[in-house]
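Subject: Structure for your files

Hello,

Here is the structure I said I would pass on. My notes on the helix packing and the empty space follow it.

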Amino acid sequence: MSRCFFPVLFILLFGALAQGQSHSSLDSILFVRHKQSVLTKDISQQPMGVVVAQLAKSFIGSPYRSHTLETGNEESLVINLREFDCTTFVEEMLALARTLKHGGDYSDFGKNLGEIRYRNGKMAGYCSRLHYFSEWSLDNVRKGLVKNITESLGGVPYELKLNFMSAHPSAYEKLAHNNERIDSIRIIERKISGQEFHFIPKTEISRIEKQLQDGDIVGFTTMVSGLDIGHVAMIVTGPDGRKYLLHAPHEGSSVMISKQSLSEYCNSIKKHSGVIILRPVE
């Protein structure tokens, strides 16, 4: 692509952005770059999960950064294709795949990301964000963006009691010292805790690995009191046929494919109790 095309493109992209969005011009550059990279491939005919995984691989090496969504006191839709935590990586790759697979532009990408990140797809302040991955999964299943296949893989029921955010508000910049938001989060926690969930215990993961597909989303259930999920990743198939993690693992790291298989990774971390599996849909 000619360099002289970029300034005109930026004007078009930025003019299409809705109010209430936070981003950098580099995000637009990255969007265009990845859009151009898939133009030679007929991704419209490929399964959504395959497109998610293909795009996610192209971000390998991008730095991990926590708290990227905590910008300013008021909630805004943060677009950041430069650096990720584990959840924003999954969200943005899913939004990017849905956008490019259907021939969308940067404005569509923002709309798709907002649809994924917020309850009922509506940004209405900090508490409308799907902070708990258990609610994220319920909401995005309801919206038809993913399918929870955990139970069909042999998942077993488990009781969920959430209170981590309301019990540790100081750990969240926009929640600390804001009693109104804490009360709202507490109500959400109680509502989610009443839902039925299934998970695959860590001792059973090796049994179901072969049934997983590239782009499947993995939430690692945790034994941390009051919390539901301790980490989020995507599945990719290795050259040996086994399933590995494509993820942004932790502070100081970057987006990578794990050296351990899914079952090996989960069993190596004491606080992980098992997994839930979500599959992106068209």
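A helix axis here is a line fitted to C-alpha atoms over the stretch in contact, and angles run from 0 to 180 degrees between N-to-C directions. Please keep in mind that this is a predicted model.

Helix packing around α4

On that basis, the axes of helix α2 (residues 25-38) and α4 come within 11 Å and cross at roughly 55°. Angles of 65 to 115 degrees would count as roughly perpendicular and those under 35 as roughly parallel, so α2 is oblique to α4. The crossing of α2 past α4 is right-handed. From α2, the contact takes in Phe-31, His-34, Lys-35 and Val-38, and from α4 it takes in Leu-96, Thr-99 and Leu-100. By class, these residues are four nonpolar, two polar and one charged.

Helix α3 (residues 48-57) also packs on α4: their axes come within 9 Å and cross at roughly 115°. This crossing of α3 and α4 is right-handed too. On the α3 side the contact uses Met-48, Val-51, Val-52, Leu-55 and Ala-56, while α4 brings Phe-89, Met-93, Leu-94, Leu-96, Ala-97, Arg-98, Leu-100 and Lys-101. Eleven of the contact residues are nonpolar and two are charged, with no polar residue between α3 and α4.

The third partner to mention is helix α5 (residues 106-117), whose axis comes within 8 Å of that of α4, with a crossing at roughly 130°. The two helices, α4 and α5, are therefore oblique to each other. Once again the crossing, here of α4 past α5, is right-handed. α4 contributes Thr-88, Glu-91, Glu-92, Leu-94, Ala-95, Leu-96, Arg-98 and Thr-99 to this contact, and α5 contributes Asp-108, Phe-109, Asn-112, Leu-113, Ile-116 and Arg-117. The split for α4 with α5 is six nonpolar, three polar and five charged.

Leu-96 of α4 takes part in the contact with α2, in the contact with α3 and in the contact with α5.

The largest pocket

The largest pocket has a volume of about 960 Å³. It is lined by 38 residues, and those closest to its centre are Asp-85, Cys-86, Thr-87, His-131 and Tyr-172. Which elements each supply at least two residues of this lining? They are α4 (86-101), α6 (133-142), α7 (164-167) and β7 (229-237). The helix α4 thus turns up here as well as in the packing above. As for class, the pocket lining has 19 nonpolar, eleven polar and eight charged residues.

The cavity

How many cavities of 30 Å³ or more are there? The count comes to one, and the volume of the largest cavity is about 30 Å³. Its lining is made up of Arg-119, Cys-127, Arg-129, Leu-130, His-131, Tyr-132, Glu-135, Met-165, Ile-185 and Ile-188. Of the residues lining the largest cavity, six are nonpolar, one is polar and three are charged. His-131 belongs to this lining and is also among the residues closest to the centre of the largest pocket.

Regards

Note on methods. Residues numbered from 1 in each chain as written. Predicted model: local features only at pLDDT ≥ 70, side-chain atom pairs only at ≥ 80, totals over all residues. Heavy atoms only, no water. 1 Å grid on protein atoms, 1.4 Å probe; cavity = no way out; pocket = protein on both sides within 12 Å on 5 of 7 lines; lining within 4 Å. Points joined across faces, edges and corners; volume = space filled by probe spheres on them. Helix = DSSP H or I, 4+ residues; strand = E, 2+ residues; numbered from the N terminus. Nonpolar A, V, L, I, M, F, W, Y, C, P; charged D, E, K, R; others polar. Parallel < 35°, antiparallel > 145°, perpendicular 65-115°, else oblique. Left-handed = near helix turned anticlockwise from the far one by under 90°. Contact = heavy atoms within 4.5 Å.
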